[in-house]
Amino acid sequence: MIETQGLTKHFKDVRAVDGIDLTVAPGELVALLGPNGAGKSTTLRMLTTLIPPTSGTARVAGFDVVRHQRQVRLRIGYIGQGNGAGHSQRGRDELISQGRAYGLGVKDARARAATLIDSLGLAEVADRRVSSLSGGQRRRLDIAMGLIHAPDLLFLDEPSTGLDPQNRANLQEHILDLRAEHETTIVLTTHYLDEADSMAERVIVIDHGRIIADDSPARLKAEHVGDRIILGFDAETEAARATTTLAAYDPAREGARLTIATQGAPRQLPGLLDDLRAAGHPAAEAEVIRPTLDDVFLKLTGRSLREGGAAETRELVEV
Ligand SMILES: Nc1ncnc2c1ncn2[C@@H]1O[C@H](COP(=O)(O)OP(=O)(O)OP(=O)(O)O)[C@@H](O)[C@H]1O
């Protein structure tokens, strides 16, 4: 559905996108994740024919983005960061006009608008003026506008930026439903780690205009970071003895605490606690620390995607 080779965009001396090779298969949901200025939007704008590459090539839905712009545009939907339907129009009318602009007949445009209004949960507000809609409702209307001509491929540039958590969750659910229903290929950009983690089966991490990692969230986390198990003991002497019992796990001891770097920690922990109990020095507390995509980014770049440093998902386990 998408194939790029050495895709590059320079703005004067800024290398916004620096040689991206990317293949996206039909039906994939891919998240481009990276910090501000990484080159995500510029990549999307080249793939959607809005700006030409400085060098390299890109084929989208079977057509070259420079030589066959029109063919590409007919087959894709693009929802940019600052979209927003006209203020004084009613949502339904905006949708129908957009459908007409893409060459649908009046009847088809009406029917398609009605389907999208329904599936994006806009039934109650579609006949109100757009200016009266909430941020989340407007974003859903934007998405309906991008889907009116039933594109095979949908590009979403930071779909949930600026929405509150409730509306974000809502929007994410709608996007996943649409995809399940129509098998639309979706490429979205985000700097919300949890969004990339929960929505996409494939995350492409971009930094300084280059792809620095490309895999499923689970594999990225397992390959680059892994889990940690932290065990606390009542006394240092017990921790020292536990180090011997658990030698196979190569624990690192600091006072009365042991840290074990591992994969699949939640499955390993019960057996490990049993071993300690059987050896006569049970752990007093145990903690599993699972990596986030931010830990992956931190590992790959030495910087956090999140201001204020990496956050960890901790699962406390009673022992
Ligand atoms: N029209 C332009 N003229 C000059 N520089 C630009 C232009 N558009 C983007 N850039 C620069 O290119 C780099 C990549 O920007 P881009 O918007 O693609 O990043 P991004 O990853 O989408 O960031 P954000 O998450 O903030 O949207 C940045 O350094 C940006 O300042």
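**Exercise 1. Determine which residues surround the ligand in this predicted model, and which elements supply them.**

*Solution.* The shell around the ligand consists of Phe 11, Val 14, Ala 16, Gly 34, Asn 36, Gly 37, Ala 38, Gly 39, Lys 40, Ser 41, Thr 42 and His 191. Next, consider the elements: E2 and H1 each give two or more residues to this shell. H1 contributes the most, with three residues. Finally, sorting the shell by class yields four nonpolar residues, seven polar residues and one charged residue.

**Exercise 2. Describe the open sheet of four strands and the helix that lies across E1, E2 and strand E4.**

*Solution.* Begin with the strand order, which is E2-E1-E4-E5, with antiparallel pairing. The edges are formed by strand E2 (14-24) and strand E5 (63-64), each of which pairs on one side only. Within the sheet, strand E1 (residues 2-11) runs antiparallel to E2, and eight bridges join the two. As a point of reference, Ile 2 is placed opposite Val 24 in E2. The last step adds helix H1 (residues 40-47), which lies across E1, E2 and strand E4 (55-60) and runs at about 60° to E2.

**Exercise 3. Establish the order and the edges of the open sheet of six strands, then locate helix H5.**

*Solution.* The order is E6-E7-E8-E3-E9-E10, and the pairing is mixed. Strand E6 (76-79) and strand E10 (210-215) have a single partner strand each, so one side of each lacks a neighbour in the sheet. On average, neighbouring strands of this sheet are turned by 15° against each other, direction ignored. An instance of parallel pairing is given by strand E3 (residues 29-33) and strand E8 (residues 185-190), over five bridges. There, Leu 29 has Ile 186 in E8 as its bridge partner. Helix H5 (residues 135-147) packs on the sheet and touches E6 and strand E7 (153-157); the direction of H5 makes about 155° with that of E6.

**Exercise 4. Characterise how helices H8 and H11 cross, and name the residues that meet.**

*Solution.* Two quantities are needed, since packed helices are described by the angle and the distance between their axes. The axes of helix H8 (residues 217-224) and helix H11 (residues 293-301) come within 9 Å and cross at roughly 45°. H8 is therefore oblique to H11. The crossing of H8 and H11 is left-handed. In the contact, Pro 217, Leu 220, Lys 221 and His 224 of H8 meet Leu 293, Val 296, Lys 299 and Leu 300 of H11. By class, the contact comprises five nonpolar residues, one polar residue and two charged residues.

How values were computed: Residues numbered from 1 in each chain as written. Predicted model: local features only at pLDDT ≥ 70, side-chain atom pairs only at ≥ 80, totals over all residues. Axes fitted to C-alpha atoms, helices over the stretch in contact; angles between N-to-C directions. Parallel < 35°, antiparallel > 145°, perpendicular 65-115°, else oblique. Left-handed = near helix turned anticlockwise from the far one by under 90°. Contact = placed C-beta atoms within 7 Å. Nonpolar A, V, L, I, M, F, W, Y, C, P; charged D, E, K, R; others polar. Pairing = 2+ DSSP bridges. Near = placed C-beta within 6 Å.
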